[in-house]
Structures are given as structure tokens and as C-alpha cells.
Amino acid sequence: RDMAQALQEADRVAEDKQRGETLTAHKDAMFNDAGDFVAGNPKGKVTLVEFFDYNCGYCKKSFPAVMSLAEKDKDLRIVLKELPIFGGDSDYAAKAAVAAHMQGKYWELHQALFKHEGKVTAEVVDAAAKDAGMDVAKMKADMAGEAVQAKLAKNEELARAMAFTGTPAFVVDDVVIPGAVPLEALEQTLKDVRDRGCKYC
């Protein structure tokens with residue numbers, strides 16, 4: 001048992017080291033990628049990054065906390081990165097979200113998909129896009145385009161470099177939070193980062 005615990009601790013230390021090196025080498029890709037949608041205050045001094053999948057149950061549970069931060073914390077940037085780990089419908093939803101950003105409708109579609117009860121299918125996405133006032137035909141054309149594919153590939157590459165194995169995953173400055181956490185935990189992390197000062201944000 002002691003050996004297993006020692007190995008787990010060694011793995012955690014190695015993972016933390018890898019994540020720190022990745023953040024240092026790719027801080028702009030993490031915090032300032034022009035292809036990402038930014039919620040909250042785009043000029044906020046502290047940034048919360050979320051990697052998510054629209055069909056991830058834990059992401060749906062985290063959604064109210066992220067929304068609360070967007071509304072309450074006036075000095076917070078929230079960077080949203082699609083990471084469709086479940087394939088199929090999740091891939092479709094992620095591509096649609098990136099395409100929605102091109103039409104200036106990202107936030108509307110994002111909220112609609114996370115508020116949907118049940119699985120987010122292609123049909124659900126198309127209906128939500130139409131309700132959001134999007135040009136659905138253009139959305140589908142953009143989804144098949146190189147820019148959307150490249151954006152999602154970039155997100156996946158960054159997540160892999162950060163050793164993320166699931167969603168959601170949050171990054172606040174150099175603090176990495178893999179998995180869903182309550183609002184209070186996110187608020188405490190943001191306070192801690194503000195109190196000690198930002199390294200990256």
C-alpha cells in the first residue's frame with residue numbers, strides 16, 4: 001500500500017511539473033487565443049479557463065457556478081475551450097460552438113446547450129442555433145471548414161499537454177483544477193490568486 005501511495009504521489013508530482021512547463025511554454029494559447037470566446041469581463045485582470053464537453057454531466061453541474069462567476073465577479077475573464085471527449089454528438093456541438101463564435105452568437109448557443117436537459121444531439125444543436133438567430137446553413141458550412149477543425153485540434157493538443165483526461169478542467173493562473181468543483185472552491189482559488197498576484201494572467 002505504501003508503495004502504491006508513493007507511486008501515486010510521484011505521478012502527481014510529475015503531472016504538476018508537466019502542467020507547469022506547459023503553461024510557461026503555451027501561456028498565450030491557454031489564456032489569450034483569439035479563437036476562444038471570452039465571457040465575463042474581457043478586460044478582467046484574472047482569467048478562468050474552462051475545458052468542457054457539452055455532453056459531460058459534470059460540466060453541466062459546473063455550469064451554474066461558471067455563470068454565477070460571470071455575473072458576480074466583475075474583474076474576471078472566462079475563457080471557454082471546447083474539448084469534445086465523447087465524440088459523435090459532442091464533436092458536432094463543439095464545432096457548432098466555434099462556428100457560432102464566427103457569427104457573434106457563441107454565448108447564446110453555449111447557454112442553450114448547457115441548459116438543455118438530456119443529451120445534446122445534432123438535432124438539439126441545430127434547433128438551438130436557429131432559436132439563437134444563427135444562419136444554420138452557414139454554421140454547417142463553417143463547421144466543415146479548416147478554421148473550425150484547427151481550433152478544436154489546438155484545444156485537444158493543449159489539453160493533452162496539460163495531462164487532462166476528462167472534463168471539466170479549470171485553469172486559474174498556475175492553478176489547475178481537474179474535475180467539477182463547487183462555486184465556493186472556484187471563488188477561493190480566484191481570491192488566492194488575487195491575493196498572491198498573477199504569474200500568467
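## Disulfide and cysteines

In this predicted model, a search of the whole structure turns up 1 disulfide, and the two residues that it joins are C198 and C201, with an S to S distance of 2.3 Å. The torsion about the S-S bond of C198 and C201 is about -60°, and the disulfide is therefore left-handed. Both ends of this bridge can also be described by their accessibility: C198 has a relative accessible area of 36% and is partly exposed, while C201, at 26% relative accessibility, counts as partly exposed.

Two further cysteines can be set beside this pair. C56 counts as buried because its relative accessibility is 2%, which falls under the 20% cut-off for a buried residue. C59 has a relative accessibility of 0% and counts as buried.

## Backbone features around β4

Most residues other than glycine have a negative phi, and most peptide bonds are trans. Against that background, the peptide bond from T167 to P168 is cis, with an omega near -5°. P168 belongs to the loop between α8, which covers residues 146–161, and β4, which covers 169–172.

The loop between α8 and β4 also holds A163, a residue that is not a glycine but nevertheless has a positive phi, of about 60°. With a relative accessible area of 16%, A163 is buried. A second residue of this kind is D173, which has a positive phi of about 55° although it is not a glycine; D173 is placed in the loop between β4 and β5, the latter being residues 175–178. Is D173 buried or exposed? Its relative accessible area is 0%, so D173 is buried.

## The surroundings of L109

L109 is part of helix α5, which is made up of residues 106–115, and with a relative accessibility of 1% this leucine counts as buried. Which residues is L109 in contact with, once its neighbours within four places in sequence are left aside? The contacts of L109 are A96, A97, A100, V125, A128, A129 and M134. A96, A97 and A100 precede helix α5 in the numbering and, as α4 is given as residues 89–102, fall within that helix.

A spacing along the backbone can be added to this description, since the C-alpha atoms of L109 and A127 are separated by 9.9 Å, and these two residues are 18 residues apart along the chain.

## The largest pocket

The largest pocket contains about 150 Å³ of space. Its lining consists of E82, L83, P84, I85, D91, K95, Q149, L152, A153 and E156, and when these residues are sorted by character, the lining of the largest pocket divides into 5 nonpolar, 1 polar and 4 charged.

Which helices each supply at least two residues of the lining of the largest pocket? They are α4, residues 89–102, and α8. Of the elements that contribute, α8 provides the largest share of the lining, with 4 residues. Helix α8 thus appears twice in this account, as a contributor to the lining of the largest pocket and as the helix that comes before the loop holding P168.

Key. Residues are numbered from 1 along each chain as its sequence is written. This is a predicted model: local features need pLDDT of at least 70, side-chain atom pairs count only at pLDDT 80 or more; totals for chains, interfaces and linings use all residues. Side-chain values use heavy atoms; hydrogens and water are left out. A disulfide is a pair of cysteine sulfur atoms within 2.5 Å. Buried means under 20% relative accessible area, exposed over 50%, partly exposed in between (1.4 Å probe, protein chains only). Contact means heavy atoms within 4.5 Å. On a 1 Å grid over the protein atoms alone, a cavity is a set of points where a 1.4 Å probe fits but cannot get out, and a pocket is an open set with protein on both sides within 12 Å along at least five of seven lines; lining residues have an atom within 4 Å of a point. Grid points are joined across faces, edges and corners, and a volume is the space filled by probe spheres set on the points. Ala, Val, Leu, Ile, Met, Phe, Trp, Tyr, Cys and Pro count as nonpolar, Asp, Glu, Lys and Arg as charged, and the others, Gly among them, as polar.
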